[in-house]
Amino acid sequence: MNASHTVLVTGGAGYIGSHTCCSLLNSGYNVVIIDNFSNSSPTVIDAIETITGKRPALVKGDLRDAAAVRSCFDQHPIDAVIHFAALKAVGESTAKPIEYYEHNILCTTTLIKEARSRGMKRLVYSSSATVYGMANTAPFREDMPTSASNPYGWTKVMTEQMLTDLTASDPSWSITLLRYFNPIGAHPSGLIGDDPNGVPANLMPYVNKVAAGILPELPVLGDDYPTPDGTCIRDYIHVMDLADGHLAALDYVYSHKGVEPVNLGTGVGYSVFDVVHAYERASGKTIPYRVADRRPNNADVPIAYADPSKAERLFNWKTSRGLDDMCRDSWTFAKTRLIR
Ligand code: NAD
Ligand code: WQD
């Protein structure tokens, strides 16, 4: 049945997009990627082909460019879109708010206008647990109020609102707003993974670079939080589970109308030290660390994890991989791609 479906994946060469493309291709979907490679490499397309034995169609282009988006729809019989493409660096968004708002909103409006003109109204959108802001108490449920503490987060809150308003104006849209918690891990082949440019801002890419000998030690950003070991607690989710969550969401939009925010998380929280120790077990490496100041503006919520029950109820989906799997596969990626 999937062989008759063609899915446009915006940002399909990126970290989460590339894993999702592998799952889609392995499940028989036809995949079309649009990516400008601003935060990824064309070699990812080769890796996807190596992993799956199938090469996704590629439009190298910018989602803000209406002509590039039109050409995707002209060339392929697209019947659903998974929309990953966005700028996602929280610190950069604070330094360049206007660029972030413009980029992330324009990507979505350009895409929606073209899709709507074709009567194509199925969308799986990459939102984030960041929309739970600083005021809610974990476990986070989809009916809690949303807010943000940085411009990146506001682009997610605003886009969720925009897509909710769109569906109110035209109930024939089918949209899921997927609120990812903390994706880590990699495809077990080690051929694709999370490899940001420069010094990583996020925990697992940083740990990977320390394990690979590229950075000397991990700064632990605060050990005085109200948690058992003093470090922040997060809901880490294996990117392969996350990829499968997109397939489940896609099934849902093929068979339901309306807009639904849905958490993609495990429901289990781990501290920074839990992650470091699990990684040390998985890799056999010692991860040197030093306790450093909290993030500027006290930007970290101490405890964040999902109530994942809505995804299970709506999508019949839940995670199957644990923290040890996440660390093992992150380390495989580090060995395969980071150590030269
Ligand atoms: P990523 O940067 O690895 O992937 C994004 C991809 O989109 C990249 O390949 C980039 O080149 C491409 N892209 C960016 N702007 C584009 C444009 N204008 N036109 C065409 N392509 C463009 O990011 P990711 O970690 O895979 O995240 C994917 C989505 O998930 C993003 O929307 C992000 O905000 C969201 N998200 C990520 C996380 C996380 O921790 N990684 C958590 C929650 C939500
Ligand atoms: C996890 C924990 C840090 C780096 C971010 C975005 C969020 C979402 C996911 C997109 C925190 C600590 C980190 C380091 C550390 N992205 N840490 N040393 O902050 O939960 O979420 O990514 O939507 O919007 O804010 O994830 O991986 O950055 O941090 O001690 O060098 O690790 O303080 O407690 P976070 P993270």
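A cavity, as I use the word today, is a set of grid points where a 1.4 Å probe fits but cannot get out, and its lining residues have an atom within 4 Å of a point. The model is predicted, so please keep that in mind throughout.

Let me start with the enclosed space. The search of the whole structure turned up 2 cavities of 30 Å³ or more. The largest holds about 60 Å³. Its lining is made of Y15, P183, I184, G185, A186, D194, M204, P205, N208, S330 and F333. Three elements, β7 (182-184), α7 (203-211) and α11 (323-338), each give two or more residues to that lining. Helix α7 contributes the most, with 3 residues. By class, the lining of this cavity has 7 nonpolar, 3 polar and 1 charged residues.

One residue in that list deserves a stop. P205 lines the largest cavity and sits in helix α7. Is P205 buried or exposed? P205 has 6% relative accessibility, and therefore counts as buried, since the cut-off for buried is under 20%. For a sense of the layout, take D229, which is 24 residues from P205 along the chain: the two C-alpha atoms are separated by 22 Å.

Now the second largest cavity, with about 50 Å³ of space. Around it are H83, F84, A85, A86, N104, T108, Y125, S126, T155, K156 and T159. The elements that supply two or more residues here are α5 (97-117), β5 (122-128) and α6 (151-169). Helix α6 has the largest share, 3 residues. In this lining, 4 residues are nonpolar, 6 are polar and 1 is charged.

On to the ligands, beginning with ligand 1. It has 28 residues around it, and D35, N39, S40, F84 and Y152 are the closest. F84 is also on the lining of the second largest cavity. I have three polar contacts to show, and each uses the protein backbone. A backbone N or O atom of G14 is 3.2 Å from an oxygen atom of ligand 1. For S38, a backbone N or O atom lies 3.1 Å from an oxygen atom of the ligand. At L63, a polar backbone atom is 2.9 Å from a nitrogen atom of ligand 1. How much of ligand 1 does the protein cover? On its own the ligand has 820 Å² of accessible area, and the protein covers 94% of that.

Which elements give two or more residues to the shell around ligand 1? They are α1 (15-26), α5, β5 and α6. Strand β5 gives the most, with 3 residues. The shell divides into 12 nonpolar, 11 polar and 5 charged residues. Note that α5, β5 and α6 were also named for the lining of the second largest cavity.

Ligand 2 next. Of its 19 surrounding residues, Y152, P219, R234, R295 and D300 come nearest. Y152 was also listed among the closest residues to ligand 1. As for polar contacts, L203 has a backbone N or O atom 2.9 Å from an oxygen atom of ligand 2. L221 likewise places a backbone N or O atom 2.9 Å from an oxygen atom of the ligand. D300 uses its side chain: a polar atom there is 2.6 Å from an oxygen atom of ligand 2. The protein covers 86% of the 680 Å² of accessible area that ligand 2 has on its own.

The elements giving two or more residues to the shell around ligand 2 are α7 and β8 (218-221). Strand β8 gives the most, with 4 residues. By class that shell has 12 nonpolar, 4 polar and 3 charged residues. Helix α7 is the element that gives the most to the lining of the largest cavity.

Last, some backbone geometry. A138 and P139 are joined by a cis peptide bond, with omega at about 5 degrees. P139 is in the loop between β5 and α6.

Then there are two asparagines. N297 is not a glycine, yet its phi is positive, at about 60 degrees. N298 also has a positive phi, about 50 degrees. N297 lies in the loop between β13 (289-292) and α10 (309-315), and N298 is found in the loop between β13 and α10 as well. Which accessibility class does each fall into? N297 has a relative accessible area of 75%, so it is exposed. N298 is at 41% and so counts as partly exposed.

How values were computed
Residues numbered from 1 in each chain as written. Chains lettered and ligands numbered in written order. Predicted model: local features only at pLDDT ≥ 70, side-chain atom pairs only at ≥ 80, totals over all residues. Heavy atoms only, no water. 1 Å grid on protein atoms, 1.4 Å probe; cavity = no way out; pocket = protein on both sides within 12 Å on 5 of 7 lines; lining within 4 Å. Points joined across faces, edges and corners; volume = space filled by probe spheres on them. Nonpolar A, V, L, I, M, F, W, Y, C, P; charged D, E, K, R; others polar. Near = heavy atom within 4 Å. Polar contact = N/O pair within 3.5 Å; in protein donor to acceptor, adjacent residues only side chain to side chain. Areas by Shrake-Rupley, 256 points an atom, 1.4 Å probe, with all protein chains shown as cover. Buried < 20%, exposed > 50% of the residue type's maximum accessible area, 1.4 Å probe, protein only.
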